[in-house]
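I am opening these notes to keep track of what I look up, entry by entry. I start with one small detail of strand pairing and widen the view from there.

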Amino acid sequence: MIIRGLPKSMTQMTLEHLFTPHGRVFDVRLSKDLFSDECKGFAQLKMEGHEARAAIAALDGSSQGDSYMRVSLLDENKKRRGKRW
């Protein structure tokens, strides 16, 4: 899954705790700024298929601080964007 719209204060552990009520989280990759070590606003997360869909249904559009998370399956995101090169 890909998660966008995360606040700068988001940590990897906090993100994992948000998703664990919906199923087992296998991997979390939070994108951080190299110099400030703050969240860049997006992350990738791995869960089982049916658990991922449940997490998307529950958390997509939810507010985290001042921003709203957009959660989607990574494959769906690629299909929407299409090829750019």
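## Notebook: pairing, packing and side chains

**Entry one, a bridge partner.** I looked up Ile2 and found that its bridge partner in S3 is Gln44. I note at once that the model I am reading is a predicted one, and I keep that in mind for every value below. Moving along to Ile3, I found that this residue stands opposite Ala43 in S3. Both entries belong to the pairing of strand S1 (residues 2-4) with strand S3 (residues 39-47), which is antiparallel and runs over three bridges.

**Entry two, the other partner of S3.** I then asked myself over how many bridges S2 and S3 pair. I counted on the listing and found six bridges, again in the antiparallel sense. In this pairing Leu30 stands opposite Ala43 in S3, so I see from the cited pairs that Ala43 also faces Ile3. Arg29 in turn stands opposite Gln44 in S3, the residue that is also the bridge partner of Ile2.

**Entry three, the sheet as a whole.** I next wanted to know in which order the strands of the open sheet lie. The sheet is formed by four strands in the order S2-S3-S1-S6, with antiparallel pairing. Its edge strands are S2 (25-32) and S6 (70-72), each of which pairs on one side only. Direction ignored, neighbouring strands of this sheet are turned by 20° against each other on average. I add a general reminder for reading such a sheet, namely that in a regular strand the side chains alternate between its two faces.

**Entry four, the chain around the sheet.** Stepping back, I noted that the chain holds three helices and six strands, which follow one another along the sequence in the pattern β-α-β-β-α-β-β-β-α. Helix H1 (residues 12-19) lies across S1, S2, S3 and S6 and runs at about 140° to S2. Helix H2 (residues 49-59) lies across S3 and S6, and I wrote down about 145° as the angle at which this helix runs to S3. Among contacts between residues at least 6 apart in sequence, 56% join residues at least 24 apart. Of the 85 residues in the chain, 36% count as buried. The accessible surface of the chain comes to about 6000 Å², and carbon and sulfur atoms account for 49% of that surface.

**Entry five, salt bridges.** How many salt bridges does a search of the whole structure find? The search finds two, and I looked at each in turn.

- Asp27 forms a salt bridge with Arg29, and the closest N and O atoms of this pair are 2.9 Å apart. Asp27 counts as partly exposed because its relative accessibility is 24%, whereas Arg29, with a relative accessible area of 54%, is exposed.
- Asp37 forms a salt bridge with Lys32, with the closest N and O atoms 3.9 Å apart. Lys32 counts as partly exposed, at 37% relative accessibility.

I returned to Asp37 for its backbone, and found that this residue takes a positive phi near 65° in the hairpin of S2 and S3, which has six residues between the strands.

**Entry six, Lys46.** I then turned to Lys46, which is found in strand S3. Which residues is Lys46 in contact with, once its neighbours within four places in sequence are left aside? The contacts are Arg24, Val25, Phe26 and Asp27, and the last of these, Asp27, is the residue I had already met in a salt bridge with Arg29. Measuring along the sequence, Lys46 and Arg24 are 22 residues apart, while their C-alpha atoms are 8.8 Å apart in space.

**Entry seven, Ser67.** My last entry concerns Ser67, which is found in strand S5 (residues 67-68). A polar atom of the Ser67 side chain lies 2.8 Å from the backbone oxygen of Gly5. Not counting residues up to four places away in sequence, Ser67 touches Gly5, Leu6, Pro7 and Ser62, and Gly5 therefore appears in my notes both as a polar partner and as a touching residue.

Conventions. Residues numbered from 1 in each chain as written. Predicted model: local features only at pLDDT ≥ 70, side-chain atom pairs only at ≥ 80, totals over all residues. Heavy atoms only, no water. Buried < 20%, exposed > 50% of the residue type's maximum accessible area, 1.4 Å probe, protein only. Contact = heavy atoms within 4.5 Å. Areas by Shrake-Rupley, 256 points an atom, 1.4 Å probe, with all protein chains shown as cover. Pairing = 2+ DSSP bridges. Axes fitted to C-alpha atoms, helices over the stretch in contact; angles between N-to-C directions. Salt bridge = Lys/Arg side-chain N within 4 Å of Asp/Glu carboxyl O. Polar contact = N/O pair within 3.5 Å; in protein donor to acceptor, adjacent residues only side chain to side chain.
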